[in-house]
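Hello,

I am passing on the structure that we talked about, and below it I have written out what was found, with the terms explained as they come up. Please read the notes with the model open beside you.

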Amino acid sequence: MKSTSFRSAVGAVLTAALSAVVLPASAASAAENPAAAGTVDTATAQSFGRLADAVLTQRTAALLDTERSVRSAAPLAEKNVRLSAGQTRTEDTALSTLRTRKARLAALGEAYTSADTRVAVDRVRVEAGRAMVQATETTTLTYKKIRGDEPATTGFQAHHRLSFAATADGKWQLTGLTSTDDGPLAVNEPSTARVAAGTTALPEATPAAISVPSRPQTKPAGSYDYTAMASYAEKYWQNYNPAYRKFNEAGGDCTNFVSQALKAGGWANKSGDAEDYRSWWYDTSYQSTSWVGANEWSWFTLDAKRATNLANVYYMGVGDVMQMDFDKDGSKDHTMLVTYRSSSGVPYLTYHSVNTYRKSVASIIASYPNSAYYAYRT
């Protein structure tokens with residue numbers, strides 16, 4: 001893996017992947033006028049990947065607790081690929097947003113001392129002078145030991161779509177970079193959650209406070225194996241368990257993943273019609289909606305008394321579950337599992353979509369201060 005300073009060696013990593021997905025130039029004019037030829041050569045496609053790497057690395061660096069400049073490597077441009085003027089302004093705004101997030105995290109008692117970021121290009125598609133690049137980012141951040149009880153690292157995988165436009169002189173400009181994941185923002189993703197103009201009451205679950213309580217609450221012993229839940233989630237957060245179906249392309253895999261972990265810790269199937277929220281099960285051919293749906297999971301859990309709502313997200317312990325309603329529209333959007341809790345009372349969550357390991361509740365709140373949160377004691 002590489003540090004947050006740019007390294008040209010990423011080109012070697014990209015070469016093998018790009019050879020299978022890039023449209024090679026069929027004539028010398030392709031490099032001179034890609035808009036007309038509708039093609040790019042492998043070297044240009046590699047430049048797309050290096051620019052993606054540079055932009056995402058710079059975003060991560062903006063979060064680090066360091067006095068060094070956010071970038072001490074090559075500029076965000078190559079001979080034939082660079083940021084457009086509009087995207088340059090967008091990235092300047094993004095870095096300012098991320099530095100504000102860093103300050104918010106510091107106020108919550110969290111900081112990062114270093115980071116490793118790796119970008120892999122999954123696909124390049126070129127058409128009519130425009131290139132669409134799909135890339136996967138894998139980032140690990142090292143927690144600063146502020147209280148001394150933080151885990152060593154947090155990590156995530158995020159998927160991005162980059163848009164490039166050909167210029168008249170045969171070069172390319174990055175004109176857009178967007179996340180294609182459902183679920184909470186990666187900590188280095190600068191977009192902020194939209195707050196709905198009106199909110200809908202949620203009678204089925206009680207929102208939890210997000211302020212740090214004066215007195216942490218200890219999770220009492222329960223009837224489930226919470227260690228097994230956490231171990232399962234931390235084993236499969238990145239490498240999915242092949243015994244289960246994936247739902248990344250069908251609304252997200254987050255609740256499916258949490259259901260798997262809960263089952264590993266002792267939750268038993270409850271038979272019934274698949275569409276009835278009062279049932280909860282998974283088999284080789286199908287599953288209940290409560291197994292995979294965030295809202296249905298909440299309805300089942302509270303109705304079956306498998307869990308109760310907590311008054312504060314900081315009361316959660318290992319094996320507890322947190323859900324989020326990003327824009328407070330009354331529908332829960334994401335489900336996560338606590339897999340670590342520091343001795344000072346900070347829960348750390350592991351989840352799918354975006355695949356994430358031990359992300360602190362503080363960093364989630366810092367990214368989504370206006371969302372609704374629901375904490376469940378399992």
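How are α4 and α5 oriented relative to each other? They are roughly parallel, a word used for angles under 35 degrees (over 145 counts as roughly antiparallel, 65 to 115 as roughly perpendicular, and the rest as oblique). The axes of helix α4 (residues 42-61) and helix α5 (residues 85-107) cross at roughly 30 degrees and come within 9 Å, where axes are lines fitted to C-alpha atoms, for helices over the stretch in contact, and angles run from 0 to 180 degrees between N-to-C directions. Contact, meaning heavy atoms within 4.5 Å, is made here by Val55, Gln58 and Arg59 from α4 and by Glu91, Ala94, Leu95 and Leu98 from α5.

Before going further, please keep in mind that this is a predicted model, in which local features need pLDDT of at least 70 and side-chain atom pairs count only at pLDDT 80 or more, while totals for chains, interfaces and linings use all residues. Residues are numbered from 1 along each chain as its sequence is written, and side-chain values use heavy atoms, with hydrogens and water left out.

Helices (H or I, at least four residues) and strands (E, at least two) are DSSP runs, numbered from the N terminus. In α4, 18 of the 20 residues are buried, which means under 20% relative accessible area (exposed is over 50%, partly exposed in between, with a 1.4 Å probe and protein chains only).

Strand β11 (residues 372-377) is largely enclosed by the rest of the structure, because six of its six residues are buried. On one side these are Ala372, Tyr374 and Tyr376, and on the other Tyr373, Ala375 and Arg377. Two strands pair if DSSP finds at least two bridges between them. Strand β6 (residues 308-310) runs antiparallel to β11 and is joined to it by three bridges, with Asn309 partnered by Tyr376. Strand β7 (residues 321-325) is also antiparallel to β11, with five bridges, and there Gln323 has Tyr374 as its partner.

In helix α9 (residues 294-303), the buried residues are Ala294, Asn295, Trp297, Ser298, Phe300 and Thr301, and what covers them includes β7 and β11. Thr301 counts as buried because its relative accessibility is 0%. Apart from neighbours within four places in sequence, Thr301 is in contact with Trp267, Arg306 and Ala307.

Best wishes
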